[in-house]
Amino acid sequence: MMNAGKTLVLAGAREAHGMIIGLVSRGRNVIASLPEPERGMEPLPVPTRLGPFSERETLEDWAQAQNVVTVLDASHPFDDHISNQASQYCRRNGLRYLRVLRSSWRPTSQDQWTACATTRAAVEAVPIGARVFSNTGWASLPDYATFAGQIVYLRQTRLPSAPPPWPHVRFLEGKPPFSQREEQQLFESLRITRLISRNVGGIASMSKLLAARQLGIRVLMVERPPAPPGSRVVESVAEALAWEADA
């Protein structure tokens, strides 16, 4: 059944691309929202709103103006604020909402992981003198103010114009994807003793964890926030498209 209104895909995770292609092939009227430009990915092939929502232009106001009737939420696993906003908006207005969230990583017997509730908790667990590699993102920078280790390398897809605010932080430029071999060589060259990683799940970002396993590096794993309360959650593009087809 063809929806009279638009299907909004909240993008940020790789799954958004596959969902949009599938929806367009069905003749759906699709729009997307992306909080920031993606790097290493093809542009989304539908009209896309770029940038975070603000108090001046809320998600609810924009979605109403666009006549959104269905929301497929494939935002980044750690963008829980936008997921909660979208879920609440759909619940208030009787619209369909689905959270697409790939399964999280789980340690094997060969891994040395410590689960942490937040990036700040992971930073607080770093021992004195540790040399740390992290890819928790630019927004997490304030969490490293009280870092007790020797040095932390914070990987960025594009180097900031300003230097780090503290001498123990070094920005490291790198554009994914990275192979396990590349990550191992990087960790060895930097003499890394701890890895801070967010549990985003998926195959594409696992190389750093495989490298840490191979080198015996302890991992401080930041667990992802939960999906919006009461929301339907699926793990794959195929499941999301099957759910959408039942409209």
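Author: A cavity is a set of grid points where a 1.4 Å probe fits but cannot get out. The model examined here is predicted.

Reader: How many cavities of 30 Å³ or more are there?

Author: The probe must fit and be unable to get out. With the volume set at 30 Å³ or more, the count is 1 cavity.

Reader: What is the volume of the largest cavity, and how do the residues of its lining divide?

Author: The largest cavity has a volume of about 50 Å³. Its lining includes P77, D80, S83 and R99, and also L101, P225, P226, A227 and P228. Proline, leucine and alanine count as nonpolar, aspartate and arginine as charged, and serine as polar. The lining therefore divides into 6 nonpolar, 1 polar and 2 charged.

Reader: Which residues have the most contacts inside the largest nonpolar core?

Author: In soluble globular proteins, nonpolar side chains tend to be buried together. Here the largest nonpolar core has 34 residues, and those with the most contacts inside it are Y144, L195 and I196.

Reader: Which residues does L195 touch, and which residues does the second core include?

Author: Leaving aside residues up to four places away in sequence, L195 touches F133, F187, K208, L209, A212, I217, R218, V219 and L220. A second, separate core of 19 residues includes A16, L44, V234 and L241.

Reader: Why does C90 count as buried, and what of C116?

Author: Buried means under 20% relative accessible area. C90 has 1% relative accessibility, so C90 counts as buried. C116 has 6%, so the term for C116 is also buried.

Reader: How many disulfides does a search of the whole structure find?

Author: A disulfide needs a pair of cysteine sulfur atoms within 2.5 Å. Over the whole structure, the number of disulfides found is 0.

Key: Residues are numbered from 1 along each chain as its sequence is written. This is a predicted model: local features need pLDDT of at least 70, side-chain atom pairs count only at pLDDT 80 or more; totals for chains, interfaces and linings use all residues. Side-chain values use heavy atoms; hydrogens and water are left out. On a 1 Å grid over the protein atoms alone, a cavity is a set of points where a 1.4 Å probe fits but cannot get out, and a pocket is an open set with protein on both sides within 12 Å along at least five of seven lines; lining residues have an atom within 4 Å of a point. Grid points are joined across faces, edges and corners, and a volume is the space filled by probe spheres set on the points. A nonpolar core is a set of buried Ala, Val, Leu, Ile, Met, Phe, Trp, Tyr and Cys residues joined through side-chain atoms within 4.5 Å. Buried means under 20% relative accessible area, exposed over 50%, partly exposed in between (1.4 Å probe, protein chains only). Contact means heavy atoms within 4.5 Å.
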